[in-house]
Amino acid sequence: MEAEGVELLAGLDDLAVMGFVEVVSRFRFFHRLKRRLGALLDSGGVDLVLPVDYPGLNLRVARAAHRRGVPVLYYIAPQVWAWRAGRARKLARWCDHVAVILPFEAAALREAGARVTFVGHPLLDRPDGVPDRARFAARWGLDPARPILALLPGSRRQEIGRHLSVFLEAARCVRDTLPGVQPVLARAASVTRAWLAAADAGGTADVTVVDDTRALLRHATAALVKSGTSTLETALEGTPFVTVYRTHPLTYRLARRLVRVEHIALANLVAGRAVVPEVLQRDATPRRLADLLLPLLDEGSEAHRRQSEALGAIRGALGSPGVAERVAELAAGLLEAAP
């Protein structure tokens with residue numbers, strides 16, 4: 001967004017906080033940001049508010065805009081189907097339109113009275129400039145003839161801290177059984193090498209670290225993936241995987257009481273069943289993860305074949321390319337209709 005000329009009031013490093021306990025320490029920052037956004041709305045220079053995801057802050061911005069008569073197009077809606085269903089009524093009351101990216105989201109919001117359009121998932125809009133296996137392997141010093149195990153521990157600092165060491169140890173357990181496997185760590189653009197070093201005290205020396213996640217997933221035999229949008233990225237590449245999530249114990253206990261869905265992986269939610277294994281909290285031991293990954297690293301196994309077939313069906317459920325254009329059309333319509 002910044003590269004396209006958007007003026008940023010806060011960067012991703014400031015905003016990338018998840019969980020209940022984790023947000024408390026940033027309360028003052030968010031309070032100041034909320035006041036700053038309110039002053040911007042009061043200036044009279046805002047014609048449309050387009051909140052993207054991030055409901056903790058963005059729902060408050062939507063309410064503030066609605067009270068001032070500024071139209072609101074909410075893109076990537078809060079997960080009202082998972083918890084806090086009352087947010088659906090707030091979206092209906094405060095937003096002129098809601099653009100959702102998962103096929104099952106629209107019904108709950110329409111029932112609450114919202115104007116909703118399923119626009120498809122934005123991952124479908126990515127250009128396919130993925131290098132072939134030989135070029136990818138040559139760039140990162142890998143052997144194209146040997147299987148690759150992709151490791152995706154997350155893109156936020158707190159996720160790296162909770163997932164990296166157990167992911168690396170799981171990879172070591174896999175290599176004890178299959179010495180030919182090449183563990184490769186995906187480093188998101190938001191992740192610094194200092195974060196990696198701090199999270200595992202140099203343990204990443206045992207693996208190749210790449211900054212091309214999509215190509216890694218395209219050429220990996222199997223993957224170990226932190227729960228989140230990355231599970232859909234992995235599903236779209238058709239790579240069998242195991243998903244993991246670890247968070248603060250208090251955050252997890254609160255979530256267990258509040259969340260109403262059977263699965264945590266978006267890939268499983270879209271499929272409507274447990275397509276990929278989900279391992280949470282203390283259950284995510286290196287040995288447990290390695291035992292789940294080993295069958296998936298055998299391309300001739302029933303587990304690999306069955307999951308590959310199931311992942312293929314997920315892509316079709318996510319809509320079609322042109323997502324950004326559809327959202328832009330909704331925004332233009334609201335601007336044209338505004339007094």
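A residue counts as buried here when its relative accessible area is under 20%. Keep that cut-off in mind as we walk through this predicted model, since burial will come up at several stops along the way. With a relative accessibility of 14%, F30 falls on the buried side of that line. Its sequence neighbour F29 is buried too, at 18%. Y54, by contrast, has a relative accessible area of 24%, and is therefore partly exposed.

Before looking at how these three rings meet, here is the overall setting. The protein has 339 residues, and 47% of them count as buried. Its secondary structure amounts to 16 helices and nine strands. If you take the contacts between residues at least 6 apart in sequence, 65% of them join residues at least 24 apart.

Now back to the rings. Aromatic rings pair if their centres lie within 6.5 Å, and by this rule there are two aromatic pairs. In one of them, the ring centres of F29 and F30 are 5.1 Å apart and the planes meet at 70°, so this pair is edge-to-face. The other joins F30 to Y54, with 6.4 Å from centre to centre and 40° between the planes, a tilted arrangement. F30 belongs to helix α3, residues 27-42, while Y54 sits in the loop between α3 and α4 (55-67), so this pair ties together parts that are 24 residues apart in sequence. Taken together, F29, F30 and Y54 make up one aromatic cluster.

From the cluster, follow α3 to its packing against α4. Two packed helices are described by the angle between their axes and the distance between the axes. For α3 and α4 the angle is about 25° and the axes are 10 Å apart. Angles under 35 degrees count as roughly parallel, and α3 and α4 are therefore roughly parallel to each other. The crossing of α3 past α4 is right-handed. On the α3 side the contact involves L33, K34, L37 and L41, which meet L57, R60, V61, R63, A64 and A65 of α4. It helps to remember that an α-helix has 3.6 residues a turn, so residues three or four places apart point the same way.

Helix α4 also packs against α5. Here the axes come within 9 Å and cross at roughly 35°, and α4 passes α5 in a left-handed crossing. The residues that make this contact are P55, L59, A62, R63 and H66 from α4, together with R87, L91, R93 and W94 from α5. R63 thus takes part in the contact with α5 and also in the one with α3.

What covers the buried residues of α5? Helix α5 spans residues 86-94, and its buried residues are R87, A88, L91, A92 and W94. Their cover includes α4, the strands β1 and β2, and helix α6 (105-111).

Those two strands lead us to a sheet. Three strands form an open sheet in the order β1-β2-β3, with parallel pairing. Its edge strands are β1 (73-75) and β3 (116-118), each of which pairs on one side only. On average, neighbouring strands of this sheet are turned by 15° against each other, direction ignored. Between β1 and β2 (residues 97-100) there are three bridges in the parallel sense, and L73 has H97 of β2 as its bridge partner.

Further along the chain, another parallel pairing appears: four bridges join β7 (residues 222-226) to β8, with A223 standing opposite F241 of β8. Strand β8 covers residues 241-245, and five of its five residues are buried, so the strand is largely enclosed by the rest of the structure. Its side chains go both ways: F241, T243 and Y245 point to one side, V242 and V244 to the other, and all are buried.

Our last stop connects to this strand pair. Which residues are in contact with H163, leaving aside its neighbours within four places in sequence? They are P153, K226, V244, Y245 and R246. H163 itself is found in helix α8, residues 157-177, and counts as buried, at 0% relative accessibility. Among its partners, V244 and Y245 belong to β8, where they point opposite ways from the strand.

Notes:
Residues numbered from 1 in each chain as written. Predicted model: local features only at pLDDT ≥ 70, side-chain atom pairs only at ≥ 80, totals over all residues. Heavy atoms only, no water. Phe/Tyr/Trp six-rings, centres within 6.5 Å; stacked < 30°, edge-to-face > 60°. Buried < 20%, exposed > 50% of the residue type's maximum accessible area, 1.4 Å probe, protein only. Pairing = 2+ DSSP bridges. Axes fitted to C-alpha atoms, helices over the stretch in contact; angles between N-to-C directions. Parallel < 35°, antiparallel > 145°, perpendicular 65-115°, else oblique. Left-handed = near helix turned anticlockwise from the far one by under 90°. Contact = heavy atoms within 4.5 Å.
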